[in-house]
Each structure stands twice: as C-alpha cells, then as structure tokens.
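These are my notebook entries on a single protein chain. I set down what I looked up, one topic at a time.

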Amino acid sequence: MNRPGKTETATLQVERVGDVTVIRIVGSMTADGLSGDLRSAAQKAVESDRANCILDVSEVEEFDASGLGEILAALAILSEEGGTLAVAQPSQGFRDFFHDTDYLTGPSRVFSSIDDAIEALRKGAGSFIPDTD
C-alpha cells in the first residue's frame, strides 16, 4: 500500500564497525520493498568474515510479514556461519510486532541503540531478551 510520504522500496546502507556489520534499512520492509536485498547483505557479511550483524531499523517506514521473512532468512544465513543478527533502534510498532508474533528467538536480540548492540555482540550475547527501554 502506498501512503503519502512513504516509500515503497527500501535502501540498504552497509557499514563496517570493527568486526561487526551494520545494515541500515531506509524505507519499507514489505514484499515490494526488499526483494532479497537483506539476504544478499547477510551473505556478503559472511563472505567478509563478519557474520555478526546489526540491523538498524530506525528508518523503516512500513513492515509486514515479508519483512519478517527477510529478517529470518538473514538470521539463518548468519547463524549457519556461527554469527547472529541483532536488531537496533526499532519503533514501538516494530517491537510490538515481534513481541506479538514471538518470532525472534535463539541467537538474536533487540536493542535501543547501535552502540548497545555492538557492545553486546562483542561480549558474545546470545539469547533473545528484548530490552524495554
């Protein structure tokens, strides 16, 4: 659904922060918005020996089940190589979606900031415990 002021596609911006890959999504995490881009970014991170990634969702405008599928596919790619995917800076709606669906379990976490996520990944944090900030 196209809403005024909203974009239908997503742009991924990938940045290396030490031994962690930060993937920032700007736009919509919907069927039309991602088209496998997040999975590709996760695969490239693995190929660069950076299987620990942070997904910055602070600029995600829309999110649906297709976006969830992209996240789970990226998590599977990273997990196969001993890595993980942390989610940083989610909106309350994004948090509610994950809480209601209970999908992100296992070696994943949700953090209020990228710095908190980086620190946790470097310490080897493993289980999903959503923070409530």
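**Entry 1: T9.** I began with T9 and listed its contacts beyond four places in sequence: T9 touches V26, G27, S28, D32 and G33. I note at the outset that the model is a predicted one. T9 sits in the segment before strand 1. For the pair T9 and G27, I found a C-alpha to C-alpha distance of 5.9 Å, with their positions 18 residues apart in sequence. I then asked whether T9 is buried or exposed. T9 counts as partly exposed because its relative accessibility is 49%, and the exposed class requires over 50%.

**Entry 2: Overall layout.** I counted five helices and five strands in the protein. Read from the N terminus, their order is β-β-α-α-β-α-β-α-β-α. Of the 133 residues, 43% are buried. I also looked up the contacts with a separation of 6 or more: residues 24 or more positions apart account for 63% of them.

**Entry 3: Nonpolar cores.** I next asked which residues have the most contacts inside the largest nonpolar core. They are I25, M29, L38, L55, V57, I71 and L85, in a core of 24 residues. At least two residues of this core come from each of strand 2, helix 2, strand 3 (52-63), helix 3 and strand 4 (84-88). Another core lies apart from it and has 11 residues, including A88, I114, A120 and L121.

**Entry 4: Helix 2 against helix 3.** I examined how these two helices pack. Their axes come within 8 Å and cross at roughly 15 degrees. Helix 2 is therefore roughly parallel to helix 3, since angles under 35 degrees fall in that class. The crossing of helix 2 past helix 3 is right-handed. On the helix 2 side, I recorded D37, L38, R39, A42, Q43 and V46 as the contacting residues. On the helix 3 side, E70, I71, A73, A74, I77 and L78 make the contact. L38 and I71 thus appear in this contact and also among the residues with the most contacts inside the largest core.

**Entry 5: D37.** I followed one residue of that contact further. D37 lies in helix 2, which spans residues 37-47. Leaving out residues up to four places away in sequence, D37 touches L12 and E70. The C-alpha atoms of D37 and A74 are 9.6 Å apart, and the two residues are separated by 37 positions along the chain. D37 counts as partly exposed because its relative accessibility is 34%.

**Entry 6: Salt bridges.** Side chains of opposite charge can pair when their charged atoms come close. I therefore asked how many salt bridges the model contains. The count comes to four, and I looked at three pairs among them, beginning with R39 and E70.

The side chains of R39 and E70 form a salt bridge with an N to O distance of 3.0 Å. This pair links distant parts of the chain, with R39 in helix 2 and E70 in helix 3 (residues 65-80), 31 residues apart. R39 is partly exposed at 36% relative accessibility, whereas E70 is buried, with a relative accessible area of 7%.

D19 forms a salt bridge with R122, and their closest N and O atoms are 3.2 Å apart. D19 is in the loop between strand 1 (10-17) and strand 2 (20-29), R122 is in helix 5 (residues 114-122), and 103 residues separate them. D19 is partly exposed at 46%, and R122 is partly exposed at 47%.

K123 and E119 meet through their side chains in a salt bridge of 2.9 Å, N to O. K123 is exposed, with a relative accessible area of 65%, while E119 counts as partly exposed at 44%.

**Entry 7: Positive phi.** Most residues other than glycine have a negative phi. I therefore asked which non-glycine residues depart from this pattern, and noted two. D49 has a positive phi of about 60 degrees and lies in the loop between helix 2 and strand 3. D49 is exposed because its relative accessible area is 73%, with the cut-off at over 50%. Q89 also has a positive phi, near 60 degrees, and is found in the loop between strand 4 and helix 4 (92-101). Q89 is partly exposed, with a relative accessible area of 29%.

How values were computed: Residues numbered from 1 in each chain as written. Predicted model: local features only at pLDDT ≥ 70, side-chain atom pairs only at ≥ 80, totals over all residues. Heavy atoms only, no water. Helix = DSSP H or I, 4+ residues; strand = E, 2+ residues; numbered from the N terminus. Buried < 20%, exposed > 50% of the residue type's maximum accessible area, 1.4 Å probe, protein only. Contact = heavy atoms within 4.5 Å. Core = buried A, V, L, I, M, F, W, Y, C linked by side-chain atoms within 4.5 Å. Axes fitted to C-alpha atoms, helices over the stretch in contact; angles between N-to-C directions. Parallel < 35°, antiparallel > 145°, perpendicular 65-115°, else oblique. Left-handed = near helix turned anticlockwise from the far one by under 90°.
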